[in-house]
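Reader: I'm new to this one. Can you walk me through it?
Author: Sure, here it is.

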Amino acid sequence: MTLVGSFTTWAFIISTGDFNEDANLDLVFTSENRDYVYFIFGNGNGTFRSLTTFYMGSGIRTRGVSTFDFNNDTHLDVALASQSENTIYVLLGYGNGSFTDKAPYYAGRNTNPSSLALADMNNDGYKDIVYNNIMTRTVGILLGKGDGTFETEMHYLCGGYYNPSFIALGDFNGDNKTDVAVSYSEGRSMGVLLGTGNGTLSDLTKFFIDSRTYYARPAFGDLNNDGYSDIIVGSVSPYIIYVFVSSGDGNVDVQTVFTPVPTITGVSRYSWMNVVDFNNDGCQDILASEDVTGAVFILLNTCACRKN
C-alpha cells in the first residue's frame, strides 16, 4: 500500500484518467464537506505528486464524479454531482491538468444529486450523464451534444417511500440499450429502469430481497456469461451480497453469493461493489468493501452456472 496524501476531508468517490496527457494515470476525487475537487497526478511508477485542488466555489460540495472527453477535443473532462447546489457540473479539460470554469446544469429544486454515470442513452454517438436525485426520488439524464454541452435535464421517478442512494448502468435485458439500476437508503429492494434507446427510460420495476439495503452502491456484471447484465448489491441485517441474475426478459433469479462469518467481520455492511475479472479466467469476479471494519473482499467467480 502506498500513501499518496493525507487530507482534512474524506474522499467520497474516486475516478481515474490521464488529465495532463503524460501517459500516466491520475486520480480525481470529491468530498461532500469541502469546496474543492482534488487531483493527484501520477508519475507512472506507482508514486504520485502533491495534491492539486480545483476550487468549486463557496459552499459547493460534490459527490459523484466521472471522466470523459465530452467535447471531442482529445482532452479528458470531468462531470460532477453537487448535492449542495442541486446541480451537475462539467469541467472541460485543457490537457495539461487544468480545466475551464465549471459549467452548471441545474437538476431542479431540492433534487440533491448524488452518484452519476456515463452512457450513450439515445444512441447518437455522444456520452450522456445519468444520476440519481436523492430528495425528489428520480433518475436524471443530461443528453450530450458532443460539443461539451448538454440538453436540459429529463427525470424519471425511481423512488417511493425510500430515497435512491446510488445508480449503476448496464444492459439488463440484453437489447443493447443502457438500463439503470437504483439502490435505496433503506428497504428490501433494487429498482431497475429499462432504457428505450432514445434517451428515455421505462417505468420503474422493483425486485425484492430478504434483508435491507443501506446506502449500498450497486454494480452491473455478467456473472454467468449469458449475455445479460446482472446486478450485484450488498445488504445489512443480515450482511449478505445479493446477485439479481437477469433472465433477459425483465425477470430475475435472486441469489445469495456471500454471507460473512460474523466473528470475522463484526457488524459489517457492504457499501461498495465492483465487478472485475481478477484472474483472467473469463469470469467476472466481485470486489466488495465493507465500511465498519474496513475489510475488502475479492470473490472469485467459478462460472459454475455458465451457460454454454
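Author: One term before we start: two strands pair if DSSP finds at least two bridges between them. Also, this is a predicted model.
Reader: OK, use the term. In strand 6, what is the bridge partner of Val65?
Author: Leu80 is the partner of Val65 there. Strand 5 and strand 6 (residues 77-82) run antiparallel.
Reader: How many bridges join strand 5 to strand 6?
Author: Four bridges join them.
Reader: Which sheet are they in, and in what order do the strands come?
Author: An open sheet of four strands, ordered 5-6-7-8, with antiparallel pairing. Strand 5 (65-68) and strand 8 (103-106) are its edge strands, each pairing on one side only. From one strand to the next, the twist averages 20 degrees.
Reader: Where does Asn71 sit?
Author: In the loop between strand 5 and strand 6.
Reader: Is Asn71 buried or exposed?
Author: Buried, because its relative accessible area is 19% and the cut-off for buried is under 20%.
Reader: What is Asn71 in contact with, leaving aside neighbours within four places in sequence?
Author: Asp77, Leu92, Gly146, Asp147 and Gly148.
Reader: Let's zoom out. What is the secondary structure of the chain?
Author: One helix and 23 strands. The chain has 308 residues, and buried residues make up 53% of them. The accessible surface is about 13700 Å², with 50% of that belonging to carbon and sulfur atoms.
Reader: Which strands form the sheet with the order 13-14-15-16, and which stand at the edges?
Author: That one is an open sheet of four strands, paired antiparallel. Strand 13 (164-170) and strand 16 (205-208) stand at the edges. Each has a single partner strand, so one side of each is left without a neighbour in the sheet. The twist here averages 25 degrees from one strand to the next.
Reader: How many bridges are there between strand 14 and strand 15?
Author: Three, with strand 14 (residues 179-184) and strand 15 (residues 189-193) antiparallel. Val180 has Leu193 as its bridge partner in strand 15.
Reader: New topic: charges. How many salt bridges does the count come to?
Author: Four. Side chains of opposite charge can pair when their charged atoms come close. Asp22 and Arg49 form one of the salt bridges, with their closest N and O atoms 3.0 Å apart.
Reader: Where do Asp22 and Arg49 lie?
Author: Asp22 is in the loop between strand 1 (14-17) and strand 2 (26-30), and Arg49 is in the loop between strand 3 and strand 4. The pair therefore ties together parts that are 27 residues apart in sequence. Asp22 is partly exposed at 26% relative accessibility, and Arg49 is partly exposed at 38%.
Reader: What does Arg61 form a salt bridge with?
Author: Asp35, with the closest N and O atoms 2.5 Å apart. Arg61 lies in the loop between strand 4 and strand 5, Asp35 in the loop between strand 2 and strand 3. Arg61 is partly exposed, with 26% relative accessible area, whereas Asp35 is buried, with 15%.
Reader: Last stop, the surface. Which residues form the nonpolar patch?
Author: Val276, Phe278, Ile298 and Leu300, with about 340 Å² of accessible area together. Phe278 sits in the loop between strand 21 (270-276) and strand 22 (285-290). Phe278 counts as partly exposed because its relative accessibility is 36%.

Terms used. Residues are numbered from 1 along each chain as its sequence is written. This is a predicted model: local features need pLDDT of at least 70, side-chain atom pairs count only at pLDDT 80 or more; totals for chains, interfaces and linings use all residues. Side-chain values use heavy atoms; hydrogens and water are left out. Helices (H or I, at least four residues) and strands (E, at least two) are DSSP runs, numbered from the N terminus. Buried means under 20% relative accessible area, exposed over 50%, partly exposed in between (1.4 Å probe, protein chains only). Accessible areas come from the Shrake-Rupley method with a 1.4 Å probe; for residues, only the protein chains shown count as cover. Patches are made of residues with over 30% relative accessible area and no salt bridge: like charges are joined within 9 Å, nonpolar side chains (Val, Leu, Ile, Met, Phe, Trp, Tyr) within 5 Å. A salt bridge is a side-chain nitrogen of Lys or Arg within 4 Å of a carboxyl oxygen of Asp or Glu. Axes are lines fitted to C-alpha atoms, for helices over the stretch in contact, and angles run from 0 to 180 degrees between N-to-C directions. Contact means heavy atoms within 4.5 Å.
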